[in-house]
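User: Could you take a close look at one residue in this protein and the surroundings it sits in? I am in my first year, so please go step by step.

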Amino acid sequence: MAPNRCRNDHTEGVSRTRRRSTPWLVTAVGGDAIAYRDAFVALFVAVIASLVAGITLATTTDTLEELPGLLLLVPAALAVKGNIFGALGSRLGTSIHTGVFQLSPRLDTVVGQNTAAALILSLVVSVELALLAKGVAIVFNVSPTMSTVDFITVSAVGGAIASVVVLGITLVMASGSVRFGWDLDNVVAPLVTATGDVITLPALVWAAALTGRGGISGSIAVVVSIVSIIGVGWSLRTDHTILRTVMRESLPILTVAGILDLIAGITIEKRLEDFIEFPVLLILLPGFLGTAGALGGVLSSRLATKVHLGLVRPGALPRGQAGSDIVMIFMLCIPIFAVAGVVAEFGGLITGQASPGLWQLIAVAVLGGLLASLAVVIVAFYSTVVAIRFGLDPDTYGIPMVTSSLDFVGAFTLILALVAVGVA
């Protein structure tokens with residue numbers, strides 16, 4: 001614990017020195033120029049990385065048409081990695097700040113129990129999302145769609161592949177933050193979101209190749225369903241307190257988050273013709289939704305840590321350091337959404353996808369992003385307040401609620417921006 005405290009003290013000292021040397025930037029971003037820089041770099045990397053996911057989506061329009069309902073599942077499948085592993089990163093960030101972090105696979109450690117919970121949740125929620133996707137498609141009259149078995153196969157197999165990779169990167173970032181003095185709260189949400197986007201979409205497309213093969217698809221669906229049921233039963237009855245608590249608190253909020261993500265998918269599925277007319281919009285989609293969710297994740301993680309450390313007291317209105325963090329989010333949103341528009345246009349150029357034009361694409365991204373960022377602030381702050389009021393861990397509740405709400409709101413604001421700019 002002592003070395004961590006020394007490293008934190010050193011980092012805080014450097015941070016204070018740099019802030020004194022750039023007073024105009026400190027004022028502009030709400031008081032923490034170092035946090036702004038770290039978050040901007042992480043968001044920038046995330047937007048660039050989302051290009052892979054966007055190109056994958058834009059170049060698989062045939063698959064989207066052959067497997068109706070797949071696009072409905074995309075926002076939820078992408079979000080579940082950010083929801084689960086972003087929350088994992090947030091909890092690990094808090095454990096680092098409070099001096100209890102120790103990288104170990106043992107199940108009796110903080111990291112071991114959090115890791116086990118994240119892996120079980122990933123499988124369980126993937127199966128749950130598949131069932132919800134089929135149900136939501138029926139309720140909202142999205143027809144035709146894949147069979148329930150195919151939904152489970154695509155969601156579970158694609159999710160399992162992505163989970164292993166994203167978990168590894170989350171643990172590497174946590175270990176690196178201890179070694180190099182990074183603040184995990186500023187970087188984990190954007191980088192986990194980006195990694196999830198890059199890995200999940202190709203994994204879903206690969207898993208989609210297993211559909212339509214009755215024996216293989218059916219066997220996979222049965223096995224993962226049984227394993228997920230066993231996993232839930234064991235984790236809710238285990239003697240490992242952290243694992244049991246994370247599972248008990250996470251399952252309800254992740255279910256609500258999944259429903260919101262699926263509604264976002266319906267919003268996009270019903271405008272599929274617009275996206276197919278200008279496939280560059282499909283390139284923009286992962287980066288846009290991921291950026292909105294990542295901004296919310298940064299704010300939620302910072303607020304949760306400051307609540308645990310006693311630096312922020314939840315109230316009806318944001319004050320003090322909470323207000324400074326909110327200012328920083330708005331200062332981040334305009335440049336980073338503009339970058340998302342430029343990156344999407346570049347992706348369209350190198351893959352030969354039709355585009356409404358660079359300036360229109362930037363206008364769509366920035367206008368939609370500003371509207372989404374307003375929702376980011378509201379949801380992130382008040383989800384933290386509500387979690388504290390009910391004695392729940394804001395690290396567990398904040399990121400899933402913010403990310404999924406922003407997928408839903410982000411899909412709506414993106415469509416609204418398309419109409420306002422005259423693209424759709």
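Analyst: In this predicted model, Phe337 is in contact with Phe288, Thr291, Ala292, Leu295, Ala365, Val366, Gly369 and Ser373, once its neighbours within four places in sequence are left aside. One of these partners, Phe288, also forms an aromatic pair with Phe337, and the pair is tilted, with 5.3 Å centre to centre and 50° between the planes. Because Phe288 lies in helix α12 while Phe337 lies in helix α13, this pair ties together parts that are 49 residues apart in sequence. Both Phe288 and Phe337 are buried.

A second aromatic pair can be set beside this one: Phe381 and Tyr382 are arranged edge-to-face, with 4.9 Å centre to centre and 85° between the planes. Here Phe381 is buried, because its relative accessible area is 5% and buried means under 20%, whereas Tyr382, at 36% relative accessibility, counts as partly exposed. A search of the whole structure finds 3 aromatic pairs.

The surroundings of Phe337 can now be widened to the core. The largest nonpolar core has 65 residues, and Phe337 is among those that touch the most other members, together with Phe275, Leu284, Leu295, Ile329 and Leu332. The elements giving two or more residues to this core are α3 (33-58), α5 (70-97), α10 (241-269), α12 (280-308), α13 (321-351), α14 (358-389) and α15 (394-421), and the largest share, 14 residues, comes from α12. Apart from this core lies another one, of 51 residues, including Leu67, Ile152, Ala221 and Val246. As general background, nonpolar side chains tend to be buried together in soluble globular proteins.

Finally, the whole chain gives the setting for these details. The protein chain has 15 helices and 0 strands, and 59% of its 424 residues count as buried. Among the contacts in the chain with a separation of 6 or more, 82% are accounted for by residues 24 or more positions apart. The accessible surface of the chain comes to about 16,500 Å², of which 67% belongs to carbon and sulfur atoms. One helix to look at for comparison is α6 (residues 110-139), which is mostly covered, with 21 of its 30 residues buried, and which reaches 41 Å from its first C-alpha to its last, close to the 44 Å expected at 1.5 Å a residue. Helix α6 is followed by Asn141, whose phi is positive, near 60°.

Technical notes
Residues numbered from 1 in each chain as written. Predicted model: local features only at pLDDT ≥ 70, side-chain atom pairs only at ≥ 80, totals over all residues. Heavy atoms only, no water. Core = buried A, V, L, I, M, F, W, Y, C linked by side-chain atoms within 4.5 Å. Buried < 20%, exposed > 50% of the residue type's maximum accessible area, 1.4 Å probe, protein only. Helix = DSSP H or I, 4+ residues; strand = E, 2+ residues; numbered from the N terminus. Contact = heavy atoms within 4.5 Å. Expected span 1.5 Å × (residues − 1). Areas by Shrake-Rupley, 256 points an atom, 1.4 Å probe, with all protein chains shown as cover. Phe/Tyr/Trp six-rings, centres within 6.5 Å; stacked < 30°, edge-to-face > 60°.
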